[in-house]
Amino acid sequence: MARLADYFIVVGYDHEKTGPAEGLGKIIQRFPQKDWEDTPFPQGIELFCQPGGWQLSKERKQPTFFVVVLTDIDSERHYCSCLTFYEAEIDLQGAKEIEGEEESGLIPPAEVFAPKSLVLVSRLDYPEIFRACLGLIYTVYVDSLNVSLEALIANLCSCLVPASGGSQKLFSLGAGDRQLIQTPLHDSLPVTGTSVALLFQQLGIQNVLSLFCAVLTENKVLFHSASFQRLSDACRALESLMFPLKYSYPYIPILPAQLLEVLSSPTPFIIGVHSIFCNDIHELLDVIIADLDGGTIKIPECIHLSQLPEPLLHQTQMALSLVLHPDLETADYAFPPPRTALSHSKMLDKEVRAIFLRLFAQLFQGYRSCLQLIRIHAEPVIHFHKAAFLGQRGLVENDFLTKVLNGMAFAGFVSERGPPFRACDLFDELVAFEVERIKAEEGNPPKMIKHVRELAEQLFKNVSSFIPATLES
């Protein structure tokens with residue numbers, strides 16, 4: 001059992017301190033007051049819940065929601081769900097600028113609004129659950145309902161979630177709401193919602209495949225958008241496409257303004273920044289930049305981007321076209337068949353992921369025969385014989401696969417999936433039993449799509465589901 005939420009934090013505008021060009025935030029409240037022994041309190045959260053900087057506004061802006069990911073010293077991720085709203089300010093002492101304008105005379109308090117963020121910190125990745133919980137807490141707070149906020153937060157932080165395996169947990173914050181958490185069947189499989197399908201809609205097939213090859217060959221990838229939530233979704237989607245590999249370099253879906261120097265890091269990364277920093281990021285010479293709002297990517301001339309080997313590249317492009325653009329094949333027909341309804345966005349998301357699962361099954365086919373167990377150390381060590389693997393595949397000189405096998409993500413793959421006795425998931429079953437079927441289906445689109453949809457159904461059954469919070473009238 002794991003806690004649904006580790007900390008609840010309220011962060012507001014700090015009138016006593018100001019930065020070089022803007023205000024700062026400060027923690028107003030936190031629950032619990034003392035740190036959990038197994039989960040230290042996240043430092044610097046006030047920077048991340050206002051990534052564009054703390055600024056007063058002349059108008060009350062709409063509430064916003066996005067998820068920030070923080071990684072601690074033990075490489076454990078903490079998902080910080082942030083709901084930000086604006087409150088009318090009374091005490092303006094210390095406010096130097098309002099949205100970049102010089103202060104001129106006295107400003108009526110009702111004309112100035114300060115941001116306030118409600119933040120939930122959790123080691124569990126349940127964005128929709130936390131959106132519903134924070135929305136409920138916000139509603140109770142703003143509408144001054146006859147419900148104790150302290151009781152809501154206490155119920156939230158005391159809720160325990162079952163381990164993976166499809167278990168269900170019904171809980172209430174105590175405001176007439178009912179919510180259901182269904183844990184994934186396999187916690188090794190990524191949970192993506194609709195983020196993968198959205199990434200392909202924003203950037204297109206070729207651009208996403210380029211980013212996919214970039215992260216697998218340990219290049220720096222930077223997203224920018226005017227939406228913080230789009231940044232979170234894009235980073236989540238790109239990382240999930242790497243499954244069964246895991247990304248082991250800096251992963252910062254939303255980078256605050258005060259930490260932009262991180263972009264000069266010599267290590268690979270996946271990072272997202274707001275589009276207001278476009279002038280700063282376009283000076284980077286060794287970073288592949290993806291514009292989520294414009295639908296383009298920029299690959300610097302100094303970067304040689306290795307591509308998937310043929311015929312896998314062509315097969316993957318064709319499969320993605322059939323799934324994402326099902327009417328393409330009949331677009332030129334004089335008498336096209338009647339259009340059928342497009343796939344539900346969540347199922348489309350899983351169909352795209354199924355194509356990449358099939359791709360990795362073919363890339364890593366036979367990898368287990370190249371594992372060697374070395375017993376000269378105190379504990380047995382699993383070694384992967386790269387030369388033998390490339391030799392038996394006829395890809396000794398393939399630049400892309402050589403870089404993948406030499407990367408940290410594949411080293412982690414070998415250490416996790418090398419042991420003979422361990423829990424298996426969908427990828428293990430594909431590699432063990434389905435590779436020959438995948439190869440046989442490549443020249444037969446209907447059979448290929450049938451298999452993709454079978455895999456998508458399994459991915460869909462694995463994901464968490466929830467019932468949104470509701471208030472009893």
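Reasoning from a predicted model

Me: In this predicted model, where does Asp14 lie?
Reply: Asp14 lies in strand β2, which covers residues 7-18.

Me: What makes Asp14 a residue with no salt bridge, and which side chain of opposite charge is nearest?
Reply: The nearest side chain of opposite charge is that of Lys26, 4.2 Å away. A salt bridge requires a side-chain nitrogen of Lys or Arg within 4 Å of a carboxyl oxygen of Asp or Glu, so a distance of 4.2 Å does not qualify, and Asp14 is buried yet has no salt bridge.

Me: Which residues does Asp14 touch, not counting residues up to four places away in sequence?
Reply: Asp14 touches Leu24, Gly25 and Lys26; Lys26 counts as a contact because the cut-off there is heavy atoms within 4.5 Å.

Me: Why are β13 and β16 said to stand at the edges?
Reply: The open sheet of five strands has the order β13-β14-β12-β15-β16, with mixed pairing. β13 (251-252) and β16 (296-298) each have a single partner strand, so one side of each is left without a neighbour in the sheet.

Me: How do you know that β12 and β14 pair?
Reply: Pairing needs at least two bridges, and five join β12 (residues 220-225) to β14 (residues 270-274), so the two strands pair; they run parallel, with Val221 opposite Ile270 in β14.

Me: What does Leu245 touch, and which helix gives the most to the largest nonpolar core?
Reply: Leu245 is among the residues that touch the most other members of this core of 146 residues, and helix α9 (residues 345-363) gives the most to the core, with 10 residues. Beyond four places in sequence, the contacts of Leu245 include Leu216, Phe360, Phe364 and Phe413.

Definitions and conventions. Residues are numbered from 1 along each chain as its sequence is written. This is a predicted model: local features need pLDDT of at least 70, side-chain atom pairs count only at pLDDT 80 or more; totals for chains, interfaces and linings use all residues. Side-chain values use heavy atoms; hydrogens and water are left out. A nonpolar core is a set of buried Ala, Val, Leu, Ile, Met, Phe, Trp, Tyr and Cys residues joined through side-chain atoms within 4.5 Å. Buried means under 20% relative accessible area, exposed over 50%, partly exposed in between (1.4 Å probe, protein chains only). Helices (H or I, at least four residues) and strands (E, at least two) are DSSP runs, numbered from the N terminus. Lys and Arg count as positive and Asp and Glu as negative; His and the chain ends are not counted.
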